[in-house]
Amino acid sequence: MDKRKRGFRGNIPLLIVEVCVLCVSIGFMYVVITMTEEVNHKAIDEERIYINEEVVREKKTGVIKAEAKEEDKPKPKGYRNIALFGVDARNGELGKGTRSDTIMVASINQDTQEIKLVSVFRDTYLNLSNDTYNKCNTAYAQGGPEQAINMLNMNLDLDITDYVTIGFSGLIDAVDALGGVEMEVTESEISHLNNYQLCMAQELGVDYTPVEKSGRQLLNGMQATAYCRIRYTRGDDFRRTQRQREVLAAMMEKAGGASVGTLTEMVNAVLPQVETSLDVDEILSVLGSVAGYNMVESEGFPFEGGRAGANVGSKGSCVIPVDLEENVRQLHQMFYPEERYTPSAQVGKISGEIREQTTEYLH
């Protein structure tokens, strides 16, 4: 397995303010200078991060073309992808051995300040970056964020080198600090939302306020987090990840008009519950620039029409990318619409292996 040291950092106005649904907003650190000791920074050895050689060449080619085409304009900053993990951390542990209930990739166009967000369904049957195949959230449990990043890069032809991880209690505090978020709750969601609230309240030793009616309403931190976790209504896990992205969008909108005092309160509450590879200099680079970012598109991976459900032996119920190559092509078309992308030979090999291992379970 090829390893590539990546120097893809640059002075990028970070997006993480936009990425709060289980990976909340490092971008809100307007006041982080006074509290940098609270940042739970975990450096990643980039020599151990897998990035496919074909992806590296594609990046270099894209930069050269852009420079040649726009000689008189400032050099494009390009895109940056960051992995976002939400973990079910009951004891405050955010690393290896913890289940990643939420896996997202945020793709930031640093020139247009547009963000596209993809949820990778946690039960997706993929290569765990070590040539074993299982539900993709197994990668975080086995090897923490480093292996989870490698899993994403290997299967999706991406170049991720940074991550943000947050536990559910951090999301609760973030939403509360913003004064809650408005969400549309259906009748079928109420009982499940309250059941999740009850479980979390018992684990955290706190009270909760049941949701008693359907319709659009203001949800507090506990309610919004419980809403993110629902997976038993129509749509199952696919609808669950959509809820997470909807809560994220609502948080972004609320934060856009928040005062410095509100953001300060949020930072104070959330930082101890966040782990990230981003260093303080990168975090500070976001000062004064987060307000311009917009989330313009969000989807679930594998894409609708390119996935199927199946019980894969001892691995249980999985989401199968029936054609991983086509799903990766569609992902790159979403992230980089100006490019025509052909998936790497590595993705082709993995796609064939998934097909071979799962075909018998799909019929």
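This report describes one strand, two nonpolar cores, one glutamine and one cavity in a predicted model.

The model is predicted, and local features need pLDDT of at least 70, side-chain atom pairs count only at pLDDT 80 or more, and totals for chains, interfaces and linings use all residues. Residues are numbered from 1 along each chain as its sequence is written, and side-chain values use heavy atoms, with hydrogens and water left out.

**Strand 2 and its partners**

Helices (H or I, at least four residues) and strands (E, at least two) are DSSP runs, numbered from the N terminus. Strand 2 covers residues 79-87, and 9 of its 9 residues are buried, where buried means under 20% relative accessible area, exposed means over 50%, and partly exposed lies in between (1.4 Å probe, protein chains only). Tyr 79, Asn 81, Ala 83, Phe 85 and Val 87 point one way from the strand, while Arg 80, Ile 82, Leu 84 and Gly 86 point the other way. Two strands pair if DSSP finds at least two bridges between them, and the table sets out the pairings of strand 2.

| Partner of strand 2 | Sense | Bridges | Residues standing opposite |
|---|---|---|---|
| Strand 3 (residues 100-109) | antiparallel | 9 bridges | Arg 80 and Ile 108 |
| Strand 7 (residues 163-167) | parallel | 5 bridges | Leu 84 and Val 164 |

**Nonpolar cores**

A nonpolar core is a set of buried Ala, Val, Leu, Ile, Met, Phe, Trp, Tyr and Cys residues joined through side-chain atoms within 4.5 Å. The largest core has 46 residues, of which Phe 85, Leu 152 and Phe 301 touch the most other members. Helix 2 (residues 138-156) gives the largest share of this core, 8 residues. A second, separate core of 43 residues includes Leu 117, Val 185, Met 251 and Met 266.

**Gln 147**

Gln 147 also has its place in helix 2, and Gln 147 counts as buried because its relative accessibility is 14%. Its side chain reaches the backbone nitrogen of Gly 143 at 3.3 Å. Leaving aside residues up to four places away in sequence, Gln 147 touches Leu 128, Ser 129, Asn 130, Ala 139 and Gln 142, where contact means heavy atoms within 4.5 Å.

**The cavity**

On a 1 Å grid over the protein atoms alone, a cavity is a set of points where a 1.4 Å probe fits but cannot get out, and lining residues have an atom within 4 Å of a point. The largest cavity has a volume of about 30 Å³, a volume being the space filled by probe spheres set on the points. Its lining includes Asp 101, Ser 119, Arg 240 and Gln 244, and the elements that give two or more residues to this lining are strand 3, strand 4 (114-120) and helix 6 (236-256).

Conventions:
A polar contact is a pair of N or O atoms within 3.5 Å; within protein, one must be able to donate a hydrogen and the other to accept it, and residues adjacent in sequence count only if both atoms are side-chain atoms. On a 1 Å grid over the protein atoms alone, a cavity is a set of points where a 1.4 Å probe fits but cannot get out, and a pocket is an open set with protein on both sides within 12 Å along at least five of seven lines; lining residues have an atom within 4 Å of a point.
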